[in-house]
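Biologist: Please pick one part of this model and take me through it closely, step by step. I am new to this, so it would help to see how that part fits with everything around it.

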Amino acid sequence: MRYSYYYITLIDDGPIALIDEEMPVVFLATNQSAYEKIVSNVQEVKARKGKIIAVVNKGDKQIRNLADHVIEVPETEEILTPLVTIVPLQLLAYHIAIFRGCNVDQPRNLAKSVTVE
């Protein structure tokens with residue numbers, strides 16, 4: 001499974017061409033100052049039949065109607081949003097790893113400095 005992170009304004013610069021019906025795309029749609037741009041990018045991915053997983057503020061209706069899967073988080077100050085969204089993203093990564101048969105208790109290629117006291 002490949003993954004990449006792109007800031008919302010860079011998705012039009014090439015990554016959009018990689019999207020097809022087999023490509024899941026995770027959107028963090030909690031940033032109110034960029035919300036309209038996020039919605040626009042969700043619509044572009046939807047038009048290319050990409051699978052959309054969206055992390056949204058509780059009560060969000062617009063992206064909920066576009067996304068295939070939605071994870072709601074409580075709305076908070078924008079500066080605190082990373083603290084709220086990291087938990088569902090970590091759980092998503094954990095469950096994907098379990099689904100793929102990865103050993104989540106002994107990850108490969110973990111730096112020795114992390115594992116040795």
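Modeller: Gladly! Let's start with helix α3, residues 81–99, which in this predicted model lies across β1, β2 and β3. Helix α3 runs at about 140 degrees to β3. The sheet under that helix is the part I'd like to look at closely with you.

The sheet is an open one of 3 strands, in the order β1-β2-β3, and the pairing is parallel. β1 and β3, the latter covering residues 69–73, stand at the edges with a single partner strand each, so one side of each has no neighbour in the sheet. From one strand to the next, the twist averages 15 degrees. As for what holds such strands side by side, strands of a sheet pair through backbone hydrogen bonds, and they can do so in a parallel or an antiparallel way.

Now zoom in on β1, residues 24–29. Its partner β2 spans residues 51–57, and 6 bridges join the two parallel strands. If you want a place to put your finger, find proline 24, which stands opposite lysine 51 in β2.

Where do the side chains of β1 point? Val25, Phe27 and Ala29 point to one face and are buried. Pro24, Val26 and Leu28 point to the other face and are not buried. This is a pattern worth remembering, because in a regular strand the side chains alternate between the two faces of the sheet.

Next, follow the chain out of β1. Threonine 30 is found in the loop between β1 and α1. Threonine 30 has a relative accessible area of 7%, which is under the 20% cut-off, so it counts as buried. Leaving aside residues within four places in sequence, threonine 30 is in contact with Val55, Val56, Asn57, Val73, Thr81 and Thr85. One of those partners brings us back to our helix: threonine 81 is found in α3. Threonine 81 is buried too, because its relative accessibility is 12%. Beyond its neighbours within four places, threonine 81 is in contact with Thr30 and Thr76.

After that loop comes helix α1, residues 35–47, and together β1, α1 and β2 make a right-handed β-α-β unit. α1 lies across β1 and β2, and runs at about 165 degrees to β1. Asparagine 41 is found in this helix, and it counts as buried because its relative accessibility is 0%. The C-alpha atom of asparagine 41 is separated by 9.0 Å from that of isoleucine 16, although the two residues are 25 apart along the chain.

To get from α1 to β2, the chain passes through a loop that contains lysine 49. Lysine 49 is exposed, because its relative accessible area of 55% is over the 50% cut-off. Its phi is near 65 degrees, a positive value in a residue other than glycine.

What fills the inside? The largest nonpolar core has 18 residues, and those with the most contacts inside it are Phe27, Ile38, Val45 and Ile63. β1, α1, β2 and α2 (62–66) each supply at least two residues of this core. The largest share, 5 residues, comes from α1. Isoleucine 63 gives you a good view of how the pieces meet: not counting residues up to four places away, it touches Ala29, Tyr35, Ile38, Val39, Ala54 and Val56. This fits a broader tendency, because in soluble globular proteins nonpolar side chains tend to be buried together.

Finally, let's step back to the whole chain. There are 4 helices and 3 strands, and along the sequence they follow the pattern β-α-β-α-β-α-α. Of the 117 residues, 28% count as buried. Among contacts between residues at least 6 apart in sequence, 52% join residues at least 24 apart. The protein exposes about 8,600 Å², with 55% of that supplied by carbon and sulfur atoms.

How values were computed
Residues are numbered from 1 along each chain as its sequence is written. This is a predicted model: local features need pLDDT of at least 70, side-chain atom pairs count only at pLDDT 80 or more; totals for chains, interfaces and linings use all residues. Side-chain values use heavy atoms; hydrogens and water are left out. Buried means under 20% relative accessible area, exposed over 50%, partly exposed in between (1.4 Å probe, protein chains only). Two strands pair if DSSP finds at least two bridges between them. A crossover is right-handed if, with the strands pointing away from the viewer, the path from the first strand over the helix to the second runs clockwise. Contact means heavy atoms within 4.5 Å. Accessible areas come from the Shrake-Rupley method with a 1.4 Å probe; for residues, only the protein chains shown count as cover. Axes are lines fitted to C-alpha atoms, for helices over the stretch in contact, and angles run from 0 to 180 degrees between N-to-C directions. A nonpolar core is a set of buried Ala, Val, Leu, Ile, Met, Phe, Trp, Tyr and Cys residues joined through side-chain atoms within 4.5 Å.
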